[in-house]
Amino acid sequence: MDCEEFLNGYSDYADGLRTPEQLRRFERHLQRCPACARYDRVVRQGIDLFRNLPRPDASPDFLPRLRHRLYHIDDRTVLGSRPGGSAALIAIAAVGLLAIVWLPFAGRIPVEVELAPVAVTAPPPVAPPAAEEVPSLFSRGPFVTPVFYEGTTLRGPQVTPWDPWSRSGELFGASVVQTGLAVPESDPSR
Amino acid sequence: MAKTLAARQPKEEPRSRLELKELGDAELVAEYLAGQRFAFQELVGRYHDRLLNFIYRTIGDRDRSEDLVQETFVRVYRHLHRFDPTKKFSTWIYTIASNLAKNELRNRSRNPMVLFQAIKKNWDADHRPLQWEDRSYAPDDLFRKRHLRAQVEKAVEELPEHHRVVFVLREMEGKTYEEISEITGVTLGTVKSRLNRARNKFAQIIAPMLE
């Protein structure tokens, strides 16, 4: 036996799966070949160490967690096997099937909807909005464009000099009323 | 599913847990399907540590291994009525666990990330709290043993995935070639070939530390 043959059949030899005659041939080769003897020693020692590695322990919550999961499987099984549950499933499946059959025709059927007549009352005629450009009193521009609404009269701006002794008057066309101003009636200067 | 539930309704007098411990796996499955609810707990008790070790040695992440063991039991529970009593229960449950572990490795290779577990392992060794000196043991020996263990773990992690599964099933779980063939879904010849290569590669990695 040469080293290649030894190495190719090593697993069978190590596991005792060869005939007694073949096993003796392996033994004889081991006694003659230091390299294969070393190989055999290393494999056996390494595997021995591997078998003695500490085994991981399951965490304390392993079994409670598993019980919880299995409980939910049973729970679902019970719910799924109820006759009402089956009937509901069949009904949903039937509706789905109908929808699938009907969908291709849905786009082809013309839809006509008759609506009730709508009565509309026309609003009373409104005078068209008028606009007038009024020059500013202080400069050439900008212009003031007064907007007049329905019912108002169109008036130009009236400029009246301000009379501080008058109790009422108009300032740039706006009505002004004086309050709480004591003015002597017999003012000699007036 | 309703059929499974009906099978789980108790029909006989409940057995004591001691009685259940005497039964084989296939008998426990039959007892559970006949309504003995503690029979499944007995199966969980028999397998959860073994499966955790197997998956942990295959994927190298402890927390994720625990999740996968849980998932294995959930799948077994759901499909217990499909179990063929002429087959070995242990082969069936290891097949489920092995497939989950393989899927995990496949997903991880698609989305590579640094495993915190790998970092934490070294952290535990280097940052353990200071303790009073105990002269009854030689620190050099302890250090050497710890170092060797770490190297052995590393050597197994370095094996290609399909070699590692076969190696762990054979060396750690003591499965026969036929069982490994059933669990992994490959021929007996492929199992032998993979195991031989795995041992060869393992020896190459571990040799410098043992000599």
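1. A quick convention before anything else: a crossing is left-handed if the near helix is turned anticlockwise from the far one by less than a right angle, and right-handed if clockwise. Helices here are DSSP runs of H or I with at least four residues, strands are runs of E with at least two, and both are numbered from the N terminus. With that in hand, helix 4 of chain B passes helix 9 of chain B in a right-handed crossing.

2. Housekeeping. This is a predicted model, in which local features need pLDDT of at least 70 and side-chain atom pairs count only at pLDDT 80 or more, while totals for chains, interfaces and linings use all residues. Residues are numbered from 1 along each chain as its sequence is written, with chains lettered from A and ligands numbered from 1 in the order in which they are written.

3. On to chain A, which has 6 helices and 2 strands, in the order α-α-α-α-α-α-β-β along the sequence. Just 5% of its 190 residues count as buried (20 or more other C-beta atoms within 10 Å of a residue's own; exposed is 12 or fewer, partly exposed is in between, and C-beta atoms are placed from the backbone). Of the chain A contacts between residues at least 6 apart in sequence, 19% join residues at least 24 apart; a contact needs C-beta atoms, placed from the backbone, within 7 Å.

4. The A–B contact draws 28 residues from chain A and 33 residues from chain B. On the chain A side, helix 2 (10-14), helix 4 (34-51) and helix 5 (62-80) each supply at least two residues. That side splits into 16 nonpolar, 7 polar and 5 charged residues, where Ala, Val, Leu, Ile, Met, Phe, Trp, Tyr, Cys and Pro count as nonpolar, Asp, Glu, Lys and Arg as charged, and the others, Gly among them, as polar.

5. Now chain B, helices 3 (residues 25-33) and 4 (residues 38-59): their axes come within 7 Å and cross at roughly 150°. Axes are lines fitted to C-alpha atoms, for helices over the stretch in contact, and angles run from 0 to 180 degrees between N-to-C directions. The two are therefore roughly antiparallel (over 145 degrees; under 35 is roughly parallel, 65 to 115 roughly perpendicular and the rest oblique). D25(B), L28(B), E31(B) and Y32(B) meet A39(B), F40(B), E42(B) and L43(B), giving 5 nonpolar, no polar and 3 charged residues. This crossing is left-handed.

6. Back to helices 4 and 9 (residues 161-172) of chain B: the axes come within 9 Å and cross at roughly 145°. N53(B), F54(B), R57(B) and T58(B) of helix 4 touch R164(B), V165(B), V168(B) and M172(B) of helix 9.

7. How many of the 12 residues of helix 9 of chain B are buried? The count is 10, so this helix is largely enclosed by the rest of the structure. The buried set includes the charged R164(B), R170(B) and E171(B). Just after helix 9 of chain B, G174(B) takes a positive phi of about 65°.

8. Last pair: helix 9 and helix 10 (residues 177-184) of chain B have axes that come within 10 Å and cross at roughly 140°. They are therefore oblique to each other, and the crossing is right-handed. V165(B), V166(B), L169(B) and R170(B) of helix 9 meet I180(B), I183(B) and T184(B) of helix 10.

How values were computed: Two residues are in contact if their C-beta atoms, placed from the backbone, lie within 7 Å.
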